[in-house]
Every structure is written in C-alpha cells, then in structure tokens.
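Please find below a short note for a reader new to this structure. The points are best read with the model open alongside.

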Amino acid sequence: MTQKITTSLTVNGRRVSVTALADTPLLWVIREHLKLTGTKFGCGVGQCGACTVHLDGKPTQSCLYPLKDVAGRSVTTIEGLSADSSHPLQKAWIAEQVPQCGYCQSGQIMRAAGLLRETPRPTREQIVEYMSPNICRCGTYVRIVRAIERALRQA
C-alpha cells in the first residue's frame, strides 16, 4: 500500500507543495491537485502523448511519472508555455487550423516546443520523427508539421 507524501516541485515557474499518494501519476497531480486542466489524459500508459509536459525541460508523458519521482523537479505545462497563448507554436497552430477535436493538442504543442528547444532548425524529417510518439486520432499530422514549420519561419 502506497503512503501519502508531501512533495515540493516547481510547476510553470512556481514552487508548489503537493500531498498525495506517492504513486499518484504526475498527470493527476497537475490536473486534480493543481487544477491545471490543459494537460489531457489519453491512454494512461504512455502510448499516445496527450499528457505530454516538460519535465526538467524535456517532453515527458506525465501519466508515467509518479509523484515520488518528481520531487524537486521542474514541470512546465501548456499553461506555462505562455500566459496569453502568444507562443509562436500556439499562434502557428491557430493559423494552420491544426485542431480538429483538439484533445491531443496541448501534448502535441508541448512536444513541438521540446523539439524546437533541442533542435532550433529541424528538417521536415526531423519534425516527423520527433513528433511520432504523439498520436492524433483526427489525423492532422500534415497540419502539425506545417504549424511547426510556420513557427520556425516566424521565430
């Protein structure tokens, strides 16, 4: 049986303390304890990427990390990407009309932000490969690539 723990971590630049069961997935800490609902629950087993956030600056599927493993670490959610949705990727997402149902979009954008951080000028092939862990059930992959390329042109 897992015990409750109190853990401090930094979320979107703000230090927070959370008391929950040690094996509570980071996703539920973000959504239920911190009320940041932009991060979505998809499959719950790390297969779809809908729950992607940045953990210490790297895209990470938040459903796979228990609270006990994120103590003292830094998390950025879609709410932390920009305060007013003015991040170049968010603007490009709208301009390219990427969202269909919209469910995977925050995870897709967070993954794309990780790509641009790691590879500031990716090729189309690098974009496609890097984004491949994130699934879009509506099939907007072509639009996703165009949005990332648009964000690159506007950066």
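1. Val11 stands opposite Val75, a residue of β5. The model is a predicted one, and this pair is a convenient place to begin.

2. The link between the two strands concerned is a short one to describe: β1, residues 4-11, and β5, residues 74-76, run parallel and are joined by two bridges. In general, strands of a sheet pair through backbone hydrogen bonds, in either a parallel or an antiparallel way.

3. How are the five strands ordered in the open sheet? The order is β2-β1-β5-β3-β4, with mixed pairing. At the edges stand β2 (14-21) and β4 (58-61), each of which pairs on one side only. On average, and with direction ignored, neighbouring strands are turned by 45 degrees against each other.

4. Two helices should be noted next. Helix α1, residues 26-33, packs on the sheet and touches β1, β2, β3 (52-55) and β5. The direction of α1 makes about 105 degrees with that of β2. Helix α4, residues 105-118, also packs on the sheet, where it touches β3, β4 and β5. For α4, the angle with the direction of β3 is about 40 degrees.

5. Thr39 belongs to the loop between α1 and β3. Is Thr39 buried or exposed? Its relative accessibility is 1%, so Thr39 counts as buried, the cut-off for buried being under 20%.

6. What does Thr39 touch, leaving aside residues up to four places away in sequence? The contacts are Leu27, Ile30, Arg31, Cys51, Val53, Ser62, Thr77, Ile78 and Ser106.

Conventions. Residues numbered from 1 in each chain as written. Predicted model: local features only at pLDDT ≥ 70, side-chain atom pairs only at ≥ 80, totals over all residues. Heavy atoms only, no water. Pairing = 2+ DSSP bridges. Helix = DSSP H or I, 4+ residues; strand = E, 2+ residues; numbered from the N terminus. Axes fitted to C-alpha atoms, helices over the stretch in contact; angles between N-to-C directions. Contact = heavy atoms within 4.5 Å. Buried < 20%, exposed > 50% of the residue type's maximum accessible area, 1.4 Å probe, protein only.
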